[in-house]
Amino acid sequence: MDCNVIIDLLPLYADGCCSEESVALVETHLKSCKDCKNVLDSMKGESFSGLSETMPEVKISRISQFKASLLQSVLLFLSFAAITLGVTFEATTPMGVGNGNWAFMLIIPATAFMLSLANWYFVRLYKSKGVFSTFSMIITLGLAICGFVWGVLHYGNLSVSFVIGAVVTLVLCILSKILSSLYAKALGKQ
Ligand SMILES: [Zn+2]
């Protein structure tokens with residue numbers, strides 16, 4: 001039997017895709033031919049090393065996926081806690097000039113940040129990590145601006161609390177950019 005014919009059959013043989021006749025043929029040949037046996041061994045070695053290389057990758061990505069989900073959950077919880085705190089303070093503010101201060105300072109920026117987290121579920125749709133994190137930041141800013149416009153119309157004032165709210169919004173926008181980038185990185189996005 002020609003070695004070339006056996007070598008052509010070896011990949012199928014190694015994968016267990018040969019007919020019984022071919023298996024018998026290959027095995028008979030392998031008993032008497034060291035060269036072909038070596039070819040088969042090197043094939044098995046390749047597929048084995050290929051497997052062992054991908055195994056840790058899968059493990060790391062699972063841990064990373066867990067970390068990414070944990071980050072998103074913690075941020076969701078924190079922004080919700082900030083909103084709750086703001087609503088509590090706002091509720092205790094007597095009607096008058098101070099009314100709406102906590103909405104501007106905390107509730108609106110925190111709500112904008114929390115809603116921007118919904119965008120994180122669509123991370124895979126973005127071309128790159130950079131585009132995703134920039135969009136997350138823009139969404140946070142856009143929602144905050146909408147909130148401020150609503151606040152001005154609703155409370156009819158723009159006190160010093162608006163300035164504090166703008167600073168808080170700026171900080172949250174920067175955090176949105178940095179944290180969404182970390183989130184995308186953990187999920188292996190380039
Ligand atoms: Zn041979």
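**Exercise 1. Among the elements of the protein chain, which has the lowest mean pLDDT and which the highest?**

Let's start with what we are looking at: this is a predicted model, in which local features need pLDDT of at least 70, side-chain atom pairs count only at pLDDT 80 or more, and totals for chains, interfaces and linings use all residues. Residues are numbered from 1 along each chain as its sequence is written.

Step 1. pLDDT is the predictor's confidence in each residue, from 0 to 100. The protein chain averages 88, and 90% of the residues score at least 70.

Step 2. Helix α3 (residues 34-92) has the lowest mean, 82, and α4 the highest, 95. Helices here are DSSP runs (H or I, at least four residues), numbered from the N terminus.

**Exercise 2. Describe how α4 is placed and where it bends.**

Step 1. Check burial: 15 of the 16 residues of α4 are buried (20 or more other C-beta atoms within 10 Å of a residue's own C-beta, placed from the backbone).

Step 2. Find the bend: α4 turns by about 35° at I107, with the proline P109 following within four residues. The bend is the angle between axes fitted to the seven residues ending at a residue and the seven starting there.

**Exercise 3. Find the neighbours of I107 and its place in the largest nonpolar core.**

Step 1. Leaving out residues up to four places away in sequence, I107 touches I83, G86, V87, E90 and W102 (C-beta atoms, placed from the backbone, within 7 Å).

Step 2. In the largest nonpolar core, of 27 residues, L106, I107 and I108 touch the most other members. Such a core joins buried Ala, Val, Leu, Ile, Met, Phe, Trp, Tyr and Cys residues through C-beta atoms within 7 Å.

Step 3. α4 gives this core its largest share, eleven residues.

Conventions. Helices (H or I, at least four residues) and strands (E, at least two) are DSSP runs, numbered from the N terminus. A residue is buried if 20 or more other C-beta atoms lie within 10 Å of its own, exposed if 12 or fewer, and partly exposed in between; C-beta atoms are placed from the backbone. Two residues are in contact if their C-beta atoms, placed from the backbone, lie within 7 Å.
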